Every structure is written in structure tokens, then in C-alpha cells.
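Thanks, everyone. Let me take you through one model, helix by helix, and then through a few loop residues.

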Amino acid sequence: MTKRAADTLPNLQGPAAWNTILPKQQPAQVLSEQTSADVTIIGAGFAGLSAARRLLLSDRNLKVVVLDACRVAEGSAGRNSGFMIDLPHELTSEDYAGNGDDKTLIALNREAIGFARGAVEDYGIDRNYFDPAGKINGAASIKADHHNRSYADHLTSLGEKYELLDRQQMAELTGSRHYVGGLYTPGTVMLQPAGYIRGLAAGLRREGVQVFEQSPVLSFTREGAGWKVETRSGSVSTAKLILTVNGHLESFGFERDRLMQLFLFAVMTPELDGEALKKLGGQSRWGITPSDPMGTTLRRIDAGQGGNRIVTRTCAVLKPDMRLTPASVERAARVMQRKFDRRFPQLAGLKMEYKWAGHLCLSLNGVAVMRELEQDVFSGCVQNGLGTARGTLTGMGAADLALGRTSSITRHFGAEARPKKLPPQPFREIGANAVLRWKEWRAAEE
């Protein structure tokens, strides 16, 4: 008998603010009985719900069950910054330029964006939650501006469109004089991530997919020709199983000591009143990623996305045990308050309404884990900090594998190597966090 028991369940600190600022959800649908499925998906984020949609698009008669430990959009899907990026965005590089076949990856990212756009159209998801506005790499120093120009040269070599912005243009866009320049690229979709995920789950439910929330999977066991999935109050007998749990893949015993478990932090302002908006100036919606990947990400949203607010995200910590304390969130929130005040002196001292942590997973060699792990157990995991697009792709690919189909997605990720082995503990945690703090210090202005 083969049994996989989870040794860690999600432990996310702070509210999923993107979800909190939306209208209240209906009560959770919790798995409380025994049921059966053709395919059961563990994880109701970008990867899991995309896998469910991909399955239905291939065969409307499939019985699909999705299980999640949290409420929909309360996990990592409601804790990211909402950038669905089409271009190379390698977080371990100096300027995001990739090291592999960037044209292939761009095509795949755009396939994921097209897939998400199709869901928006089919399920009537609010278009404010899927805004094809593009994004900006913001540069706060001459060095960062050089990073932007280096990246622009790379985009030129790929035949991609972009626009370099000067200091005045950045100020007119953001209301901040902090930036010396920026690099605008038009292909990124700016999501209200919780709104999109909630709309995706609602659409799937209308099509017959059973999405159970607050139903953490404790184990799955080989049962005849299929698998039995156990939760706290119910179970699913399923022919096939798809794991879309990102870093919690390791919780089930897969890729042990090969996955880097990171937490990133964010804060969100209260809704800005008329006086604050007048002081701020700038446009009502924009998104900035830092020219240095260890810098600060900013979003400004408006009433259509949950209120006139600014989101600030920075700071990272490696936690191999996936356990984070409230003290880590408080430390990061103090850093982000200073960064917000520096960028918007006209609003300095404005107390943040929400502060939270989000979990992401990277591999040392930047690969995903999208393959058959055991007989009829498939994975769409390890998004390397690019969960909205990469999660969508690996979910689609895992569904293709479960259906026995070959696609451009399965060919790409199927050709990737396994994640590299990580250094042993305690050197892994101590060394990685020392490097992260040094990179944060080096990118302080960004």
C-alpha cells in the first residue's frame, strides 16, 4: 500500500487583503462526506483551478473535485501582487532577463494569459479584475536605470515592444518623485487576484466542478486502481490525482530538500479619501516591479478593484519548515512603512490597514515540477515566484498529463531537469537568509 501523509499544512500570517477588500463570500463548502471523482485536484489557486478548467474544456463529462485547506482566495492566490507577466521575469537575475529559450517561454506565458482571458469571458468575471494595462519596471537609481536599459536591449533582441519613461513621466503616472525612470511593457495583465480566483471558482462550480474549501488533505492512499484522498471530515475516491500545492509538494514527501520555501510580505493602505488622493496625484491604476528583483513592488488600485489603495510588497525570508511567526510580518511591515513614506512623502505616516505574508516556492535551478509523480498522481507545482502565469501553465499542463495528452506545455516542462539538491540544514536557512538580507540592503533604494 502506498500512502502519502501531509506533515505540514498551510500557515499564512495576516489576512489575504485582496480578498478582504471584496464583498463577503458565501459560506464555505466543506467536504463532509465520502464522494468519488474521475480527477481530484488538491489546491484551489491559479494552478488548481486552471487544471480544473482545462479538464472540462477537454471533457465536459469528467467528474472533477477540487480541495483546498483555506477559503478560495485566502491562500497564496489572494496574497500575491497580481502581475500576470508575459515577458521573461527571472527573479534570480540582475535584470529579469532569462537564461533559456525566452521566445518559447513568452509564447507559453501568453498562452496562459489567453487561457485566463477565456475564463474571464466564459464565466463573466468582472473585467476590473483582469486589466491588460501592462506594467513598469521602476528605477530609483542610475544603477537601476542601467538594469532597465540592459533589459530593454534584451527585449529589442527578442522583437518585443517597450517604452522607456523619464523621471517626469514616472511622477505623472505614480505621484511619486522617487523614480528616475521606468521601462513600460504592454503585455502584462494586472489582476485583482482574489477577484479573478473567486470568479474562476464560481464559474467552475456552475459547470459542475465540486470545489470544497476549508478541507485540508491529510493523506492520500493507493486504493485498487485509484486513490483515496482523506480530509478532516470526508474523503474522495478518485481515479487520478493532481497536486497543485506549490511548495507543499514537499509536505507530501516529494522533492525533499530540493525546494526553497520563501515568504514575501506586503502591506495595503486604507481606502484613500479625496484629500489623500489630491495630495497623491498620478493615475488611478498602475503597477511597478523594481528594476532590481529584490526591490519593492507597488500597485495602485481604484474603486473597481476594491477601493483607492496602494499596495507595497518587499522583504523575503526562507523558512524550510514553512512556519512563519507574526514577528516576521511586523518586522517587514516596519520596513515597508519606511519605503512607502520615502516614495510618497505627501502621505508619509499613513498607517497601513493590512499587512500579511504570502508563501512561494523556488528551485535552485529555476525549474518547475510538472510531471507524473506516481501512477496517476500528477504535479503542477513550483512556480518560482511567478504564480499567476506559471501556476496557470503548470495547472494546464498537469491536466494535460492526467488526460494523456501532449501539448506545448507538457513538452516544455517535461524537458526540465529535477530541482537541484539544496545545501543541508542549518546552512541552508542561515546562508539563504543572510544572502536575502544583503540583497535587500543592496536594493534598498529600489
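**Helix α2 and its partners**

Start with α2, residues 46–58, which packs on α9 at an angle of about 40°, the two axes lying 7 Å apart. Keep in mind that this is a predicted model. Oblique is the word for an angle that falls between the parallel and perpendicular ranges, and therefore for α2 and α9. The crossing of α2 over α9 is right-handed.

Who touches whom? From α2, we have Phe46, Ala47, Ser50, Ala51, Arg54 and Leu55. From α9, we have Gly387, Thr388, Gly391, Thr392, Thr394, Gly395, Met396, Ala399 and Asp400. Sort the residues of that contact by type and you get six nonpolar, seven polar and two charged.

Next partner: α6, residues 193–206. Here the angle with α2 is about 35°, and the axes are 10 Å apart. This time α2 makes a left-handed crossing. On the α2 side the contact uses Phe46, Leu49, Ser50, Ala52, Arg53 and Leu56. On the α6 side it uses Pro193, Tyr196, Ile197, Leu200, Ala201 and Leu204. The make-up of the α2 contact with α6 is 10 nonpolar, one polar and one charged.

Third partner: α3. Its axis and that of α2 come within 12 Å and cross at roughly 75°. An angle from 65 to 115 degrees counts as roughly perpendicular, so α2 and α3 get that label. Ser50, Arg53, Arg54 and Leu57 are the α2 residues here. They meet Glu111, Phe115, Gly118, Ala119, Asp122 and Tyr123 of α3. By type, the residues of this contact are four nonpolar, two polar and four charged.

Note Ser50. It appears in the contact with α9, in the one with α6 and in the one with α3.

**Two helices, end to end**

Now a geometry check. Take α9, residues 387–402. With 16 residues at 1.5 Å each, α9 should span 22 Å, and its end C-alpha atoms are 21 Å apart, so the two agree. Is α9 enclosed or open? Of its 16 residues, 14 are buried, so the rest of the structure largely encloses α9. Just past the end of α9 sits Gly404, with a positive phi of about 75°.

Same check on α3, residues 102–123. Its 22 residues should span 32 Å at 1.5 Å a residue, and the end C-alpha atoms are 31 Å apart, so that agrees as well. Gly124 follows α3, and its phi is positive, near 65°.

**Positive phi without glycine**

Two residues need a look if you care about backbone torsions. One is Val382. Its phi is positive, about 70°, although Val382 is not a glycine. Where does Val382 sit? It is in the loop between β20, residues 377–379, and α9. Its relative accessibility is 0%, so with buried meaning under 20%, Val382 is buried.

The other is Gln214. Again not a glycine, and again a positive phi, about 45°. Gln214 lies in the loop between β10, residues 210–212, and β11, residues 217–223. Its relative accessibility is 43%, so Gln214 is partly exposed.

**Two more loop residues**

Back to α2, and the loop that runs from it to β3, residues 64–67. Lys63 is in that loop. At 33% relative accessibility, Lys63 counts as partly exposed. What does Lys63 contact, beyond four places in sequence? Thr35, Ser36, Ala37, Asp38, Val39 and Gln210. There is a long sequence jump here too: Lys63 and Gly208 are 145 residues apart along the chain, and their C-alpha atoms are separated by 7.8 Å.

Last one: Gln29. Find it in the loop between α1, residues 17–20, and β2, residues 34–42. With 39% relative accessibility, Gln29 is partly exposed. Leaving out residues up to four places away in sequence, Gln29 touches Arg205, Val211, Phe212 and Glu213. The C-alpha atoms of Gln29 and Leu67 are separated by 10.0 Å, with their positions 38 residues apart along the chain.

To close, back to the α2 pairs: oblique with α9, roughly perpendicular with α3. Questions, please.

Technical notes:
Residues numbered from 1 in each chain as written. Predicted model: local features only at pLDDT ≥ 70, side-chain atom pairs only at ≥ 80, totals over all residues. Heavy atoms only, no water. Helix = DSSP H or I, 4+ residues; strand = E, 2+ residues; numbered from the N terminus. Expected span 1.5 Å × (residues − 1). Buried < 20%, exposed > 50% of the residue type's maximum accessible area, 1.4 Å probe, protein only. Axes fitted to C-alpha atoms, helices over the stretch in contact; angles between N-to-C directions. Parallel < 35°, antiparallel > 145°, perpendicular 65-115°, else oblique. Left-handed = near helix turned anticlockwise from the far one by under 90°. Contact = heavy atoms within 4.5 Å. Nonpolar A, V, L, I, M, F, W, Y, C, P; charged D, E, K, R; others polar.
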